Amino acid sequence: MQHINSKLQEVETTIFTVMSNLAAKHNAINLSQGFPNFETDTGLIDLVTYAMKKGYNQYAPMPGLMALRAIIAENTNTLHASAYHPETEVTVTSGATQAIFTIISAFVHLDDEVIIFKPAYDCYEPSIQLFGGKVVPIQLSVPNFGVNWGEVASKITSKTRMIIINTPHNPSGSVLSKEDMLQLEKLLKDTNIILLSDEVYEHIIFDGQKHQSAAKFPGLAARAFITASFGKTFHTTGWKMGYCLAPKDLMAAFRKVHQFNVFCSNHPMQYALAEYLKNPDHYLSLPSFYQEKRDLFLSLIQGSRFTFTPASGTYFQLLNYATITDEGDVAFAKKLTREHKIASIPISVFNLNGQDDKVLRFCFAKTEDTLERAAEILCSI
């Protein structure tokens with residue numbers, strides 16, 4: 001038999017697939033994988049249908065439909081006082097994960113170092129390793145998951161090629177403050193380090209806080225790729241539509257890889273999104289929409305044995321179960337799925353050396369009925 005020498009030999013099936021499959025097998029309420037279980041706006045679906053019927057069914061331009069890039073640039077520049085040019089500094093992608101992979105593949109060379117903050121979205125590390133880079137992890141701590149910028153400074157070397165940040169942060173639900181971004185800006189001044197700012201939950205932020213995009217800070221924007229997700233924003237995760245922003249020279253290098261990675265993204269959906277984005281309420285209403293869901297979920301489990309710090313952003317809530325059992329989080333998450341019919345994500349799989357803080361991630365992007373049934377189970381444990 002032929003010997004298979006995979007470049008990612010040690011990488012296993014993602015925990016999202018594992019837990020969703022387990023949820024399906026045991027007919028459990030699935031609060032594990034991050035997808036809404038309510039309907040997409042029929043107006044957006046109608047726009048896609050219209051685009052298909054009008055013949056937008058062949059290849060879109062490689063960097064994306066100009067009408068979509070133009071409205072992305074306009075909205076971003078309005079929100080963050082930035083100056084992105086739609087022709088050279090905006091590219092439409094097949095989801096944010098494709099953008100992240102392409103950025104890493106375009107810039108990370110053999111033995112380059114990339115600083116990431118753990119727990120981290122699980123695509124970062126294998127993508128870095130695939131291109132011969134070295135992951136330099138910094139572990140964030142429960143319950144606040146704040147960044148120690150002094151520690152970050154100590155990890156920067158002559159080999160540091162890139163730093164990846166994620167705000168609002170998956171899986172913790174924490175957000176970076178203005179002061180955090182100013183410290184990062186100061187830290188990166190006079191370096192050649194690229195910043196990859198994963199901002200897919202940019203519009204899902206709570207309690208009156210403001211999203212501190214890298215686009216707001218000139219010293220960061222000049223070296224940053226910003227990735228975003230229409231799937232997260234418009235409840236269409238299955239569409240795999242996103243985009244990235246970057247200065248002209250960086251984006252030119254990105255497109256050299258992008259053209260051979262996917263070439264272009266779904267054409268009729270780009271047409272529909274270009275029209276849909278003309279109404280800012282479609283995304284500016286998201287903070288209140290999701291905060292209602294977060295607050296409902298937390299109020300319903302107030303009497304449970306789980307403890308928590310309310311998420312500041314994303315549609316994920318961490319729950320600490322240390323007062324319930326000493327079991328490891330992977331084992332406990334699987335037990336909850338099999339025996340109690342509720343699925344979550346254990347956080348240790350995203351931590352440095354599998355650090356187990358006895359916390360599970362639950363997705364609250366669900367209908368009120370689903371959240372009520374989930375809360376009833378959690379309160380019974």
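**Figure 1. N27 sits in the loop between α1 and β1 (29-30).** This view, like the others, comes from a predicted model. The phi angle of N27 is near 55 degrees. That value is positive, in a residue other than glycine. Most residues other than glycine have a negative phi. Is N27 buried or exposed? With a relative accessibility of 70%, N27 counts as exposed.

**Figure 2. Helix α1 packs with helix α14.** Helix α1 covers residues 15-25, and helix α14 covers residues 329-340. Two packed helices are described by the angle between their axes and the distance between the axes. For α1 and α14, the angle is about 20 degrees. Their axes are 9 Å apart. Angles under 35 degrees count as roughly parallel, so α1 and α14 are roughly parallel to each other. Their crossing is right-handed. Which residues in α1 and α14 meet? From α1 come V18, M19, L22 and A23. From α14 come A333, K334 and T337. The residues of this contact divide into five nonpolar, one polar and one charged.

**Figure 3. Helix α4 packs with helix α10.** Here the helices are α4, residues 96-107, and α10, residues 248-261. The angle between them is about 110 degrees. Angles of 65 to 115 degrees count as roughly perpendicular, so α4 is roughly perpendicular to α10. The axes of α4 and α10 are 9 Å apart. The crossing of these two helices is right-handed. On the α4 side, the contact takes in Q98, A99, F101, T102, I103, S105, A106 and F107. On the α10 side, the residues are L250, A253, F254, V257, H258 and N261. How many residues of the contact of α4 with α10 are nonpolar, polar and charged? Nine are nonpolar, five are polar and none is charged.

**Figure 4. M251 is a buried residue of helix α10.** Its relative accessibility is 0%, so M251 counts as buried. Look for T91, which is 160 residues from M251 along the chain. The C-alpha atoms of M251 and T91 are separated by 7.9 Å. Which residues does M251 contact, leaving aside its neighbours within four places in sequence? One group of contacts is T88, E89, V90 and T91. Another is C244, L245 and A246. M251 is also in contact with F225.

**Figure 5. Y124 lies in helix α5 (residues 124-130).** The relative accessible area of Y124 is 3%, so this residue is buried. Neighbours within four places in sequence are left aside in the list that follows. Y124 is in contact with I100 and I104. Y124 also touches I164, I165 and N166. D198 is another contact of Y124. T167 is 43 residues from Y124 in sequence. In space, the two are 14 Å apart, C-alpha to C-alpha.

**Figure 6. The cysteines form zero disulfides.** The test asks for two cysteine sulfur atoms within 2.5 Å. C123 is in no disulfide. The cysteine sulfur nearest to that of C123 belongs to C244, 13 Å away. C123 has a relative accessibility of 10% and so counts as buried. Why is C264 not bonded to C244? The sulfur of C264 has its closest cysteine sulfur in C244, and the 15 Å between them is too far for a bond. C264 is buried as well, with a relative accessible area of 13%.

**Figure 7. A cis peptide bond runs from V142 to P143.** Most peptide bonds are trans. In the bond from V142 to P143, omega is near 0 degrees. Where is P143? P143 has its place in the loop between β4 (134-139) and α6 (149-155). F145 lies in the loop between β4 and α6 too. Phi of F145 is near 55 degrees, a positive value in a residue other than glycine. F145 counts as buried, because its relative accessibility is 6%.

**Figure 8. A cis peptide bond joins N170 and P171.** Omega of this bond is about 20 degrees. P171 lies in the loop between β5 (160-166) and α7 (178-188).

How values were computed: Residues numbered from 1 in each chain as written. Predicted model: local features only at pLDDT ≥ 70, side-chain atom pairs only at ≥ 80, totals over all residues. Heavy atoms only, no water. Axes fitted to C-alpha atoms, helices over the stretch in contact; angles between N-to-C directions. Helix = DSSP H or I, 4+ residues; strand = E, 2+ residues; numbered from the N terminus. Parallel < 35°, antiparallel > 145°, perpendicular 65-115°, else oblique. Left-handed = near helix turned anticlockwise from the far one by under 90°. Contact = heavy atoms within 4.5 Å. Nonpolar A, V, L, I, M, F, W, Y, C, P; charged D, E, K, R; others polar. Buried < 20%, exposed > 50% of the residue type's maximum accessible area, 1.4 Å probe, protein only.
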